[in-house]
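Trainee: I'd like a close look at one part of this one, please. Pick a part and take me through it piece by piece.

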Amino acid sequence: MRIGFAGVGGIGSNVAWMLVRSGLLDLFLVDFDRVEESNLNRQFYFADQIGEPKVEALTRNLKAINPQVQIRTAMIRLDAGNCAALFAGCDLVVEGLDKEEEKKMLLESLHHGQKVVSACGIAGSALDSIRVRRIGHSLVAGDFTTDCAYAPLFAHKVTCVAAYMAGLIMQEAGGRYDKL
């Protein structure tokens, strides 16, 4: 099962390491950004990787977990013109984008039935209201209210939502993954 990642920041990088540790070893990472110091409190990167492209740094980190992981990357900004083609070979796409309009664009671009696992409401510190919703072909995890424009991002909540998402992907995989 090939999993695509639309963004490998707080959600994408954390879902990726959880999937690799769980035996899903065919990933396609898409992100245009570089590792910044402000990412280190909640993303799967390290201080010596500041300034590196996220897709390259994450590839190294994931291969350190399991050298057999198969990773393709694209250091590109996603837009309505390239989204569908980039993720055409993926069985499922992890939405890890920052802005509401980017999330909407991704979902509209993949409207042909491709499954998307997404996050909504990952800011703040409360974990008790995290839940999952199915919206069309998408599965969404989060508290659905706490936006990062209004509350800070903390590692424990970002990784908790990412863990929900990884669990949903494992359920969708239905045994179609490599045994470790």
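Mentor: Let's take the sheet, strand by strand, and then what sits around it.

A word on the ground rules: this is a predicted model, so local features need pLDDT of at least 70 and side-chain atom pairs count only at pLDDT 80 or more, while totals for chains, interfaces and linings use all residues. Residues are numbered from 1 along each chain as its sequence is written, and side-chain values use heavy atoms, with hydrogens and water left out.

The sheet is open and has seven strands, in the order β3-β2-β1-β4-β5-β7-β6, with mixed pairing. Its edges are β3 and β6 (131-135), each of which pairs on one side only. On average, neighbouring strands are turned by 20 degrees against each other, direction ignored. Strands here (E, at least two residues) and helices (H or I, at least four) are DSSP runs, numbered from the N terminus; two strands pair if DSSP finds at least two bridges between them. Axes are lines fitted to C-alpha atoms, for helices over the stretch in contact, and angles run from 0 to 180 degrees between N-to-C directions.

Start with β1 (residues 3-6). Both of its faces are covered, with Ile3 and Phe5 buried on one side and Gly4 and Ala6 buried on the other. Buried means under 20% relative accessible area, exposed over 50%, and partly exposed in between (1.4 Å probe, protein chains only). β1 runs parallel to β2, joined by four bridges, and Gly4 stands opposite Phe28 of β2. Between those two strands the chain passes through α1, making a right-handed β-α-β crossover: with the strands pointing away from the viewer, the path from the first strand over the helix to the second runs clockwise. β1 also pairs with β4 (residues 92-95), again parallel and over four bridges, and Ile3 has Leu92 as its bridge partner there.

At the other end, β6 and β7 run antiparallel with five bridges, and Ile135 stands opposite Ser138 in β7. α5 packs on the sheet, touching β1, β4, β5 (115-119), β6 and β7, and its direction makes about 165 degrees with that of β5. Contact, by the way, means heavy atoms within 4.5 Å.

Now zoom in on Glu95, which lies in β4. Glu95 counts as buried because its relative accessible area is 1%. Leaving out residues up to four places away in sequence, Glu95 touches several residues, among them Ala6, Val117 and Met165. A polar atom of the Glu95 side chain lies 2.8 Å from the backbone nitrogen of Leu97, and one lies 3.4 Å from the backbone nitrogen of Ala119.

Just past β7 (138-142), in the loop leading to α5 (155-173), you'll find Asp143. Asp143 is buried too, because its relative accessible area is 3%. Its side chain makes a polar contact of 2.5 Å with that of Lys157. Such a contact is a pair of N or O atoms within 3.5 Å; within protein, one must be able to donate a hydrogen and the other to accept it, and residues adjacent in sequence count only if both atoms are side-chain atoms.

Last stop: the buried residues of α2 pack against α1 (10-22), β2 (26-30) and β3 (70-74). Those buried residues include Val55, Leu58 and Leu62.
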